[in-house]
Amino acid sequence: RPTTWSWLDLDLQYDINRQVADRVVVLNIRGGVRDQAGNGVSLDYLNTRDDLNYVAGTVDIAWWRPIYLSYLHRHDLEGGRALEKVVNLEYRAQCWSLFFTVRDRLDDTEYLVSFALGGLGKVADLGGRLRRSED
């Protein structure tokens with residue numbers, strides 16, 4: 001943590017037995033900033049050998065307390081397309097929260113309403129999916 005309001009993480013897996021120049025198995029870099037109120041932005045980069053290569057950004061907004069809003073966008077760097085977009089709206093009371101989440105992925109869109117109790121986490125989910133037709 002460079003400062004109390006920022007962070008930077010680096011995860012690296014390295015294969016010492018591999019006989020080629022690319023010995024990195026997983027490279028994951030995460031960083032962001034967050035204020036004391038809960039507002040923040042973060043950026044993640046993930047690259048796994050022969051599998052994933054994407055960047056993700058998250059914005060958290062706490063300006064309208066007790067209502068909180070967050071947005072996540074994951075983008076595939078190889079295919080040049082959005083992998084996932086998630087909007088989460090939360091109403092936070094003293095010991096419970098109500099969430100409304102919309103998750104848009106490559107093959108479907110998911111709508112979810114969740115209820116959480118303080119100390120227990122999410123205790124009820126109600127939602128549905130809209131599948132995209134194959135072109």
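How many bridges join S1 to strand S2? In this predicted model, nine bridges join S1 to S2 (residues 24-34), and the two strands run antiparallel. One place to see this pairing is Asp11, which stands opposite Asn28 in S2. That first pair is a good entry point to the rest of the chain, which can be followed strand by strand.

The overall plan is easy to read. The secondary structure of the protein chain comes to zero helices and nine strands, so a walk from the N terminus meets the elements β-β-β-β-β-β-β-β-β. These strands make up an open sheet with the order S1-S2-S3-S4-S5-S6-S7-S8-S9 and antiparallel pairing. Strand S1 (6-14) and strand S9 (121-131) are the edges of the sheet; each has a single partner strand, so one side of each is left without a neighbour in the sheet. From one strand to the next, the twist averages 10°. A general point helps when looking at any of these strands. In a regular strand, side chains alternate between the two faces of the sheet.

The dimensions of the model come next. Along its principal axes, the C-alpha trace of the protein chain spans about 55 × 50 × 25 Å. The radius of gyration is 18 Å, whereas a compact globule of 135 residues would have a value near 14 Å. Buried residues make up 24% of the 135 residues in the chain. The chain exposes about 9500 Å², and carbon and sulfur atoms supply 56% of that area. Contacts along the chain can also be sorted by sequence separation. Among contacts with a separation of 6 or more, residues 24 or more positions apart account for 16%.

Moving on from S1, the sheet continues with S2 and strand S3 (residues 40-48), which pair in the antiparallel sense over nine bridges. Within this pair, Arg30 has Asp44 in S3 as its bridge partner. The hairpin of S2 and S3 has five residues between the strands, and Gly38 takes a positive phi near 110° there.

Strand S4 offers several residues to look at. Tyr54 has its place in this strand. Is Tyr54 buried or exposed? With a relative accessible area of 13%, Tyr54 is buried, because that value lies under 20%. Leaving aside neighbours within four places in sequence, Tyr54 is in contact with Asp44, Tyr45, Leu46, Arg74, His75, Asp76, Leu77 and Leu83. The C-alpha atoms of Tyr54 and Ile16, 38 residues apart along the chain, are separated by 24 Å.

Gly57 is also found in strand S4. At 23% relative accessibility, Gly57 counts as partly exposed. Ser42 lies 15 residues away along the chain, and the C-alpha atoms of Gly57 and Ser42 are separated by 5.7 Å. Once neighbours within four places in sequence are set aside, the contacts of Gly57 are Ser42, Leu43, Tyr71, Leu72 and His73.

The next pairing joins strand S4 (residues 53-64) to strand S5 (residues 67-76), again in the antiparallel sense and over nine bridges. Here Thr58 stands opposite Leu72 in S5. The loop between S4 and S5 holds Pro66. The peptide bond leading from Arg65 to Pro66 is cis, with omega near 15°.

At the far end of the strand order, S8 and S9 pair in the antiparallel sense over 10 bridges. Leu112 has Gly127 in S9 as its bridge partner. S8 and S9 form a hairpin with three residues between them, and Gly119 in the turn has a positive phi of about 90°.

Thr109 completes the tour, with its place in strand S8 (residues 108-117). This threonine counts as buried, because its relative accessibility is 11% and the limit for buried residues is under 20%. The side chain of Thr109 makes a polar contact with the side chain of Asp104, at 3.1 Å. Asp104 also appears in the wider list of residues in contact with Thr109, which leaves aside neighbours within four places in sequence and otherwise holds Val102, Arg103, Gly128, Arg129, Leu130 and Arg132.

Conventions. Residues numbered from 1 in each chain as written. Predicted model: local features only at pLDDT ≥ 70, side-chain atom pairs only at ≥ 80, totals over all residues. Heavy atoms only, no water. Pairing = 2+ DSSP bridges. Helix = DSSP H or I, 4+ residues; strand = E, 2+ residues; numbered from the N terminus. Axes fitted to C-alpha atoms, helices over the stretch in contact; angles between N-to-C directions. Buried < 20%, exposed > 50% of the residue type's maximum accessible area, 1.4 Å probe, protein only. Polar contact = N/O pair within 3.5 Å; in protein donor to acceptor, adjacent residues only side chain to side chain. Contact = heavy atoms within 4.5 Å. Rg over C-alpha atoms; globule rule 2.2 N^0.38 Å. Areas by Shrake-Rupley, 256 points an atom, 1.4 Å probe, with all protein chains shown as cover.
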